Amino acid sequence: MYGRGSGNGGGSSSSSAPASRLSSELEQRLGLQPRPPNTPQPPPPAVQAKPAAAASSSKAVTVKFPPRPSYGTAGTRCLIRANHFLVELTGRDLYHYDVSITPEVTSRGLNRAVMKQLLEKHGKTHFNGCLPAYDGRKGFYTAGALPFTSKDFNIKLIDRDESGDIKREREFKVSVKLASRADINHLRQFLQCKSREAPHDIIQVLDVVLRESPSKNCTVVGRSFFAPGFHKSEIGFGVECWKGFYQSLRPTQMGMSLNMDVSATAFYEPISVVDFVAKYLNLGDPRRAASKTFSESDQIKLKKALRGVKVEVAHGESKRYRVSGITSQPTKKLKFLAEDKREKLVIEYFQERYNISLRYASWPALQSGNEPKPIYLPMELCKIVEGQKYSKKLNDRQVTALLREACRRPREREESIRRIAENNNYENDKLAKEFGVHVKKELVCIDAHVLPPPVIKYNDYGRDRTIRPRMGQWNMINAKMYNGAKVNFWTCLNFSSLSTQIASGFCHDLVSMCRNKGMDVNPNPIYPVQSSHPNQIERALSDVHRACNDQRKALQLLIIILPDLSGNYGSRIKRVCETELGIVSQCCQPKHARKCSPQYLENVALKINVKKFCVGGCNCQEHTCSD
């Protein structure tokens, strides 16, 4: 069966669903055709030639699947549930129309607003009252032909304020032109293996139909949908995790199937900008930092974090602005050209116009608009608009919190998928009915086999030469590495608050564990264990590398104890070591280096043994009869 990981089948699916093309999805065929127990294995289905009378689809792509040799017999038979819902289709002719909106619009939301206005005005007269599906760009689909092949419409889009008064009027020219007609029978022939041409255009139409309703009610990120009503939780630094769902229509051996899964991604917290800054820069209570002056590095961080974010102001008329940057000067020093052509301080303007005394005048202000005519927005009067995806790189703590929220056991994941499908209410979706699409309520059940675990082979010098895992776990406390590597030249660099003595003790215990597990490691470092400040990472690495080269002994392994503070230190160290200095490194957390638990030391030893410098280093192998 096509698609992502199974629901209760034991496979884990991605937390965050990627946007994938239907053309690449059709090149894989996963899953099994359900088969009653104790029935003879049927021969693999043959792909028949396409009837000459059947017309080719305009976007069909020939797909040739390799023949299946037979069905699996190893292991214990079982029945699993997959995160797929079968889809039934009725015979409807599908029509694809190209939509062109002038002046050109890049926002899907604005495109949808224009088309909504078009259907409200001309739906009954020119569109026969049909319910079309629209992808927010060029694609406009109907179940049946429209009374025209090409037509232009003039649409006036009116924006109103909270009181109902006209705020802005915009005019658009919408051109609707017939592009192609898709026959649903082509899809049926492909699913029955009577045709090798995959009708991507038909699948795309049906996929847009099922995505239409959630696209109107949710925030769309790739192929996933998010809404604050699902579930959300803070992951730190002014960012929160939103739960959502992924869906995609796939062709399978059982017919069309709607693949669904839970998703999780990061969004800005809808809080005041002052609170966001306090969380992002770890200032604590923002009221105590009201008089703080920001360093240049802090300003650069804030500019990167807030650029492109939409904020709404809390003074005067309710308006939204998109942040283009932050000011280099504090708010109390900012001036602008007033209506009387005189320069005026920003703090004086807000005091006189809105009777607001700015408390965070020492902080920089948000900047909107363009450079010739900037708009200054005091941070304390702005709030981040809800529903904005956080596209910046997450730090280690945020990644950990996000994964904690995204990772769920199969049963919990299954229940979440069921609830999502129930809330989507495909059965009563008017557009799905219009196109003859019916999504079944139950998850697909598939025949499967639980394969026996392989026997793992270790070194013959250990007490346990072979181990058979149980429930995916095993203990190699009495086993030695199958092929232990040799490390002659190593040392340690400590960037944490641990003393050099404790760091040396950790290295001694780690080397002892490596030797105990079968590695040939020099008990003494080539260069004494050094401690350095986290702000001197590049310099300290270069100094160690140079000192080892001076002794004409190429450093094989550098053990690094990371800083106590959270940050992107690991990737920085890896970049310098592996791309600039040519050093193989093994990073360790200071909290683990302090405890020195045997289990942690053993795990690190296993990682070291398979590093690229260890020619022939191998932890274990699969046991075969010849062994």
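# Exercises on a predicted model

**Exercise 1. Check the length of helix H11 (residues 500-516) against the expected rise per residue.**

Solution. Start with the count: helix H11 has 17 residues, and at 1.5 Å a residue they should span 24 Å. Next, take the distance between the end C-alpha atoms, which is 24 Å, so expectation and model agree. Bear in mind that this is a predicted model.

**Exercise 2. Work out which residues of H11 are buried and how they are arranged around the axis.**

Solution. Begin with the cut-off: a residue counts as buried under 20% relative accessible area. In H11 that selects Ala503, Phe506, Cys507, Leu510, Val511, Met513 and Cys514. Around the axis they cover an arc of only 160°, which puts them on the same side of H11. The spacing helps to explain the pattern: an α-helix has 3.6 residues a turn, so residues three or four places apart point the same way. Finally, look at the face turned away from the buried side, where you will find the exposed residues Gln501 and His508.

**Exercise 3. Find what the buried residues of H11 pack against, then look just past the helix.**

Solution. List the strands to begin with: the buried residues of H11 pack against E28 (490-494), E29 (520-521), E31 (557-561) and E32 (585-588). Then add the helices, H14 (590-595) and H15 (598-609). Just after H11 comes Gly518, with a positive phi of about 115°.

**Exercise 4. Describe the salt bridge between Asp447 and Arg77: its distance, its place in the chain and the burial of each partner.**

Solution. The whole structure holds 29 salt bridges, and in this one the N to O distance is 3.1 Å. Asp447 belongs to strand E24 (residues 444-450) and Arg77 to strand E2 (residues 76-82), so the pair links distant parts of the chain, 370 residues apart. For burial, Asp447 has 14% relative accessibility and therefore counts as buried. Arg77, at 35%, counts as partly exposed.

**Exercise 5. Do the same for Glu386 and Lys232.**

Solution. The side chains of Glu386 and Lys232 meet at 3.0 Å, N to O. Glu386 sits in the loop between strand E22 (382-384) and helix H8 (396-406), while Lys232 is in strand E12 (residues 232-236), so the salt bridge ties together parts that are 154 residues apart in sequence. Both partners turn out to be partly exposed: Glu386 has a relative accessibility of 40%, and Lys232 has 31%. To go beyond pairs, look at Arg81, Glu414, Arg418 and Glu442, which are linked in a network of salt bridges.

**Exercise 6. Where do Cys193 and Cys596 lie, and what sign does phi take in each?**

Solution. Take Cys193 to begin with: its place is the loop between helix H3 (184-191) and strand E9 (197-199). Its phi is near 60°, a positive value in a residue other than glycine. With 17% relative accessibility, Cys193 counts as buried. Now turn to Cys596, in the loop between H14 and H15. Here phi is near 55°, again positive in a residue other than glycine. Cys596 is buried too, with a relative accessible area of 18%.

**Exercise 7. Is the peptide bond from Thr102 to Pro103 cis or trans?**

Solution. Read omega: it is near 0°, and the bond is cis. Then locate Pro103, which lies in the loop between strand E4 (94-102) and helix H2 (108-126).

Key
Residues are numbered from 1 along each chain as its sequence is written. This is a predicted model: local features need pLDDT of at least 70, side-chain atom pairs count only at pLDDT 80 or more; totals for chains, interfaces and linings use all residues. Side-chain values use heavy atoms; hydrogens and water are left out. Helices (H or I, at least four residues) and strands (E, at least two) are DSSP runs, numbered from the N terminus. The expected span of a helix is 1.5 Å times one less than its number of residues. Buried means under 20% relative accessible area, exposed over 50%, partly exposed in between (1.4 Å probe, protein chains only). The arc is that of the directions from the helix axis to the C-beta atoms. Contact means heavy atoms within 4.5 Å. A salt bridge is a side-chain nitrogen of Lys or Arg within 4 Å of a carboxyl oxygen of Asp or Glu.
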